[in-house]
Amino acid sequence: MRLEIRHWQLLDAIGKYGSLGAAADAIGVTQPAMSHRLAEAERRLGSAIFEREGRRLKPTPAGQALIQTASSILPELSRAEDEFERTAADASHLVRIGVAEYSAYHWVPGFLKSLAFSREKLQIDFVAAATREAEATLITGKTDIIISPARSENPALDCKTLMEDELVLVTHPNHPLTAKPWIEAQDLVDVDYLTYSLDALPGFEYERFIRPSGIRLPHMQVVEMTDAIVEMIAVDLGVSILSRWALKRSIRQALVAPVSVTKKGLPLTWYIISRKSDRKNEAIKVTAEALQQWFSLNESS
């Protein structure tokens with residue numbers, strides 16, 4: 001190999017930040033040192049990796065391919081080092097799990113108690129960052145498994161059905177809409193509607209229910225955390241359409257009440273997503289299989 005890890009780190013940083021100065025700050029070296037490192041990399045490869053556009057660096061076509069490789073291999077190397085350190089210290093194999101869109105971890109105690117294999121040999125961590133950027137955490141190695149209500153189309157990821165769920169209107173238990181067997185979109189016009197994102201996510205309520213109706217929601221408020229939305233609904237500060245499964249505990253405790261969305265309901269499928277490159281990783285494979293088995297026995301509707 002003609003390039004060393006420090007060169008790959010340089011390529012990744014410049015690709016992300018676009019200039020030598022910002023990349024140098026990110027890596028923690030001086031700008032002259034970064035400039036020297038880039039010149040050395042180009043000299044070793046025998047061709048320019050970047051072209052200058054003012055103060056910014058634009059990768060050449062061949063340079064872009066190197067940057068894409070750097071952004072892929074560096075997280076894998078970092079993850080391998082982390083796992084080695086844990087193993088070398090007689091720690092367990094680490095598998096990191098995240099839940100996309102929702103902070104839904106009510107199922108964790110039951111799942112951990114169900115594990116047939118020894119948790120001395122396998123450590124499971126839960127990653128809160130996956131709530132907002134699920135696929136990004138998988139690709140960068142911050143998580144190993146994602147439980148997501150959105151199907152992934154990324155060719156680098158494995159996506160398998162985990163369970164069936166439904167989107168329901170969530171209200172205060174004494175809200176007038178709880179008297180209805182189901183709601184139609186028109187019922188939302190005069191209520192304070194809470195949403196965790198204004199993006200029309202494929203497969204969710206706006207695309208499947210609100211937009212086709214042609215109505216406009218004049219009283220919409222963005223609350224980026226679903227936990228906060230539930231707390232607001234519990235004191236009658238609005239309503240929202242959310243996953244029945246994700247709010248299972250709050251519904252059971254009668255903090256909030258669910259109402260079906262349309263007479264037929266609004267089905268929602270949850271998926272378990274992992275990297276294809278980890279198909280031979282025994283710890284991740286065993287954990288994913290245990291998740292699928294546990295959810296099929298305990299959480300499927």
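In this predicted model, helix α5 covers residues 108-114, and Ser114 belongs to this helix. The side chain of Ser114 makes a polar contact within this part of the chain: the backbone oxygen of Phe111 is 2.6 Å away. Ser114 has a relative accessibility of 36%, so this residue counts as partly exposed; the partly exposed class lies between the buried limit of 20% and the exposed limit of 50%. Ser114 also has a partner from elsewhere in the sequence. Ala290 is 176 residues away along the chain, yet the C-alpha atoms of Ser114 and Ala290 are 8.6 Å apart.

The domain assignment gives a setting for this pair. Domain 2 is made of two segments, 77-163 and 269-299. Domain 1 spans 5-72, and domain 3 spans 164-266. Taken over C-alpha atoms, the centres of domain 1 and domain 3 are separated by 47 Å.

Towards the start of the chain, the unreviewed UniProt entry places a feature named "domain: HTH lysR-type" at residues 3-60. In the model, residues 3-60 are 62% helix and 14% strand. The C-alpha atoms at the two ends of this span lie 17 Å apart.

Helix α4 takes up residues 61-88 and includes Ile73. Ile73 has 31% relative accessibility and therefore counts as partly exposed. Together with Ile5 and Leu77, Ile73 forms a nonpolar surface patch of about 220 Å². Residues enter such a patch only with over 30% relative accessible area, and the value for Ile73 is 31%.

Technical notes:
Residues numbered from 1 in each chain as written. Predicted model: local features only at pLDDT ≥ 70, side-chain atom pairs only at ≥ 80, totals over all residues. Heavy atoms only, no water. UniProt positions renumbered as here; feature names shortened; annotations may be inferred. Helix = DSSP H or I, 4+ residues; strand = E, 2+ residues; numbered from the N terminus. Buried < 20%, exposed > 50% of the residue type's maximum accessible area, 1.4 Å probe, protein only. Polar contact = N/O pair within 3.5 Å; in protein donor to acceptor, adjacent residues only side chain to side chain. Patch = residues over 30% accessible without salt bridge, like charges linked within 9 Å, V, L, I, M, F, W, Y side chains within 5 Å. Areas by Shrake-Rupley, 256 points an atom, 1.4 Å probe, with all protein chains shown as cover. Salt bridge = Lys/Arg side-chain N within 4 Å of Asp/Glu carboxyl O. Domains from an automatic or database assignment.
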